[in-house]
Amino acid sequence: MKVFQHAVFAATLAAGAATMAQADTVSVGMITTLSGGGAGLGVDMRDGFQLALDMADAQNIRLVIEDDAQRPELAVQIAERMIQSERVDILTGIIWSNLAMAVVPSAVAQDILYLSPNAGPSALAGANCHPNYFNVAWQNDMLHEGAGAYANELRYQNTFIMAPNYPAGTDALNGFKRYYEGELAGELFTQVGQTDYAAELAQIRASGADSIFIFLPGGMGISFMRQYEQSGLDLPIVSAAFTFSQDILPAVGSAALGVFNASQWSPDLDNAANQEFVAAFRAEFGRIPSLYASQGFDTANLILSAAAKADVSDRAAFRDALLEADFDSVRGDFAWGPNQHPIQRVYIREVVEVDGEITNRIVGTAFEAHADVHGENCNM
C-alpha cells in the first residue's frame, strides 16, 4: 500500500536524507511495536500517523520508523541511535508504558520532544512531568476511571478486576477503583504477554463475582476472550477501549458483543474530521481504524500544526506551537491539562455488529472535560 511503502522508504533512506534535510524539516523518530503479540497496536498507530502525513502531502517531515519488538532494552537502544545518529527532533510511537518509562526521561533530558500517541504512565504525568513531554492520547488512568464510573451505572456490586503486571496495568486498576463504588470480588495481576488464562478463569468462577473488569490489550485480550467464551462463564464485562479496540475485535468475534468499554474516541463519532479520517483509513487499508490509529493520526496532525508556526530548532517556540493545539482532532475539541495531557470527554461504547462487521458504537458519556488526577502534582 502507498502509506506502508512510504514508511519503508523513509526508514531505509533516513541516514542519507539527514544530510539533505532543510533547516525547517522536522525529523521524527517513531519507535513502536511492529512484531509479536502487540504488533496490531503499533501497526495501527503507524498507519494512522502516516495517513495524516499523506493526506497533508507533508514535505517537511522526515520520518524514521523502527520496531521495538515490545522490549524495553531494545527501545532504549533505538532511541539513543535516533537521537545521536539520526539527529531526530521528536520521538513518538511507543505503545507500552514500561517502554515509555525506559525511553522518555532520558530523551526529554536531552532536549528531544516526546509526543506520546498512546502510553501515558502516571509517573510521567505528575511530579515527573517535563516541558518536552506531551501526551496526545490520555493519561493511563483516565479511560479506566470511565469504566469504573459506568460500572456504577450498570449497578455492578461485586466486580473481579484484572490487568497485566506493568505500569499501565497498575494505573488501570487504580483508575477503575478510583470511581467504582462496589465491592471487589478479586484483584489480580497477570503476566505481560500471557496467553493461558485457565487459572485466572477458575479464580473468577470461584470468586462469586457479578461482573468482570479487564485491561488486556492486544494479543492478551484475544487469548482471554477466546478462553472466556469456552469456559462457560457468563458474567458481564466492562473495560476500557484497549481490550476491545478495533485491532482485536475481528479475532475475538461474537464473544465481544455487548461489552461496554470507555474511550475518548469511536469510529462513529460525529464530527467532520473523524468522518474524513475513518473514510480515508478504510479506503487506504480496507479496515475500520482502531483507537490506536486515531491517536497516531492526531499526533501527526499536531506536529504538522506546530511545524506550520515554528521552527523545531527553536524548542521553546515549537513547544508553544504544540500547546496551541491548532488542529482538527478526530475526537472533537482538544485541550491540554497543566501536565500536557488532554482534558477530554470520555465516552461509553458498546461492541456491536454492523453490516457484518464487529465494531464499537457510542451509547453514553462517562465524563465531560475530564482531566487526570496527576496533573495537580505537576509543577511546570
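The centres of domain 1 and domain 2, taken over C-alpha atoms, are 26 Å apart. This is a predicted model. Each domain is built from two stretches of the chain, as the table shows.

| Domain | Residue ranges | Residues in the contact |
|---|---|---|
| Domain 1 | 2-140 + 270-343 | 36 residues |
| Domain 2 | 142-265 + 346-377 | 30 residues |

Together the two domains bury about 2600 Å² between them. Carbon and sulfur atoms account for 61% of that area. Which residues of domain 1 lose the most area to domain 2? They are Asn140, Ile288 and Leu291. Together these residues supply 22% of what the domain 1 side buries.

Next comes a pair of packed helices. Helix 3 covers residues 39-55, and helix 11 covers residues 272-285. Their axes lie 11 Å apart and meet at an angle of about 105 degrees. Angles of 65 to 115 degrees count as roughly perpendicular, so helix 3 is roughly perpendicular to helix 11. Helix 3 brings Asp47, Gly48, Leu51 and Met55 to the contact. Helix 11 brings Glu276, Phe277, Ala280, Phe281, Glu284 and Phe285. By class, this contact holds 6 nonpolar, 1 polar and 3 charged residues.

One annotation comes from a record. UniProt, in an unreviewed entry, places the feature "domain: Leucine-binding protein" at residues 25-352. The end C-alpha atoms of residues 25-352 are 43 Å apart. Helix makes up 42% of the span, and strand makes up 20%.

Definitions and conventions:
Residues numbered from 1 in each chain as written. Predicted model: local features only at pLDDT ≥ 70, side-chain atom pairs only at ≥ 80, totals over all residues. Heavy atoms only, no water. Axes fitted to C-alpha atoms, helices over the stretch in contact; angles between N-to-C directions. Helix = DSSP H or I, 4+ residues; strand = E, 2+ residues; numbered from the N terminus. Parallel < 35°, antiparallel > 145°, perpendicular 65-115°, else oblique. Contact = heavy atoms within 4.5 Å. Nonpolar A, V, L, I, M, F, W, Y, C, P; charged D, E, K, R; others polar. UniProt positions renumbered as here; feature names shortened; annotations may be inferred. Domains from an automatic or database assignment. Buried area = accessible area lost by both parts, 1.4 Å probe.
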